[in-house]
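Work through the exercises below with the coordinates open. Try each task before reading its solution.

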Amino acid sequence: MTKIGVLISGSGSNLQSIIDAVKAGSIDGEIVLVISNDEKAYGLTRAAQFGIPTKVIKHKEYTQRQAFDQELLRVLQESSVELVVLAGFMRVLGASFLAAFPDRVINIHPAILPSFPGTHGQGQAFTYGVKLAGCTVHFVDEKVDHGPIIIQAAVPVLANDDEDCLAARILRCEHKIFPRALALYCAGKLRVENRKVFISGIDEALLEDQFLISCPALS
Ligand code: GRF
């Protein structure tokens, strides 16, 4: 059973989807620690409600980014964490942190990468006027929102959407693919080769002829 450490900064709805999947037995893992860089993050309450140990490590208390990273690392290693999950964690982790967890840090981003990396991926997609938006679960490497992609999902952008309504639709999708990706990781079904992620034991024939088209046919 994989020991999972989850890093958050906010509401923790993605954390909740992971907690639910662990409880349901679909992820062969245990969340041993939730860390937030913000003491007000509601995700801390969610974790505590499920008896998961929590810790606040405030980035503002560290003048050097590396010192913050080292403290995160120390605390995660103290809890014997094997997989680090970034669930709405709004800080960038440096090279020395990542070197301690090679291919063992997974992030969710609210856009279909490589489009719209960085903060407010949903807002960027909305402003650009894309017809399909979505989200990406990926391994973390040294560049922001760049590492090998595990799962992506698309949602339509509708004419009456505003940015919030689109972000909510994307978030519902995040809650589906994040636990799914972690389940695959914990089941040992992911292999990374030349920055491509291969998933073993899934029936890709089910995907072969699927399309998501942003406009229905004229009737
Ligand atoms: C999500 O959209 C995530 O992709 C982004 O921040 C949001 C966090 O939501 N990075 P939550 O804290 O999981 O509710």
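The exercises cover the overall fold, the charges, the cysteines and one helix of a predicted model.

**Exercise 1. Overall dimensions**

Decide what the radius of gyration says about the protein chain, given its 219 residues.

Solution.
- Start with the elements: the protein chain has six helices and nine strands.
- Apply the globule rule, 2.2 Å times the number of residues to the power 0.38. For 219 residues, a compact globule would come out near 17 Å.
- Compare: the protein chain has 18 Å, which agrees with that estimate.
- Add the box. Along the principal axes, the C-alpha atoms fill roughly 60 × 40 × 35 Å.

**Exercise 2. Burial, contacts and surface**

Find what share of the residues in the protein chain is buried, and describe the contacts and the surface.

Solution.
- Buried residues account for 46% of the 219.
- Take contacts between residues at least 6 apart in sequence; 62% of these join residues at least 24 apart.
- The accessible surface is about 11900 Å². Carbon and sulfur atoms supply 52% of that area.

**Exercise 3. Charges**

How many positive and negative side chains are there, and how far apart are the centres of the two sets?

Solution.
- Count the charges: 21 positive and 24 negative side chains.
- Locate the two centres: they lie 2 Å apart.

**Exercise 4. Cysteines**

Explain why Cys-165 forms no bond to the closest cysteine sulfur, then classify the exposure of Cys-165 and Cys-215.

Solution.
- The structure holds zero disulfides.
- A disulfide needs sulfur atoms within 2.5 Å. The closest cysteine sulfur to that of Cys-165 belongs to Cys-173, 14 Å away, so the pair is too far apart for a bond.
- Cys-215 is in no disulfide either; the nearest cysteine sulfur, in Cys-165, is 18 Å away.
- Cys-165 has 31% relative accessibility, so it counts as partly exposed.
- Cys-215 has a relative accessible area of 53%, so it is exposed.

**Exercise 5. Helix H1**

Is helix H1 (residues 13–23) largely enclosed or largely open? Identify its packing partners.

Solution.
- Nine of its eleven residues are buried, so H1 is largely enclosed by the rest of the structure.
- Among the buried residues of H1 are Leu-15, Ile-18, Ile-19 and Val-22. Polar ones include Ser-13, Asn-14 and Gln-16.
- The buried residues of H1 pack against strands E1 (2–8), E2 (29–36), E4 (83–86) and E5 (105–109). Helices H2 (42–49) and H6 (163–186) are also partners.
- Check the exit: Gly-25 follows H1, with a positive phi near 85 degrees.

Conventions. Residues are numbered from 1 along each chain as its sequence is written. This is a predicted model: local features need pLDDT of at least 70, side-chain atom pairs count only at pLDDT 80 or more; totals for chains, interfaces and linings use all residues. Side-chain values use heavy atoms; hydrogens and water are left out. Helices (H or I, at least four residues) and strands (E, at least two) are DSSP runs, numbered from the N terminus. Buried means under 20% relative accessible area, exposed over 50%, partly exposed in between (1.4 Å probe, protein chains only). Contact means heavy atoms within 4.5 Å. Accessible areas come from the Shrake-Rupley method with a 1.4 Å probe; for residues, only the protein chains shown count as cover. Lys and Arg count as positive and Asp and Glu as negative; His and the chain ends are not counted. The place of a charge is taken as NZ of Lys, CZ of Arg, CG of Asp or CD of Glu.
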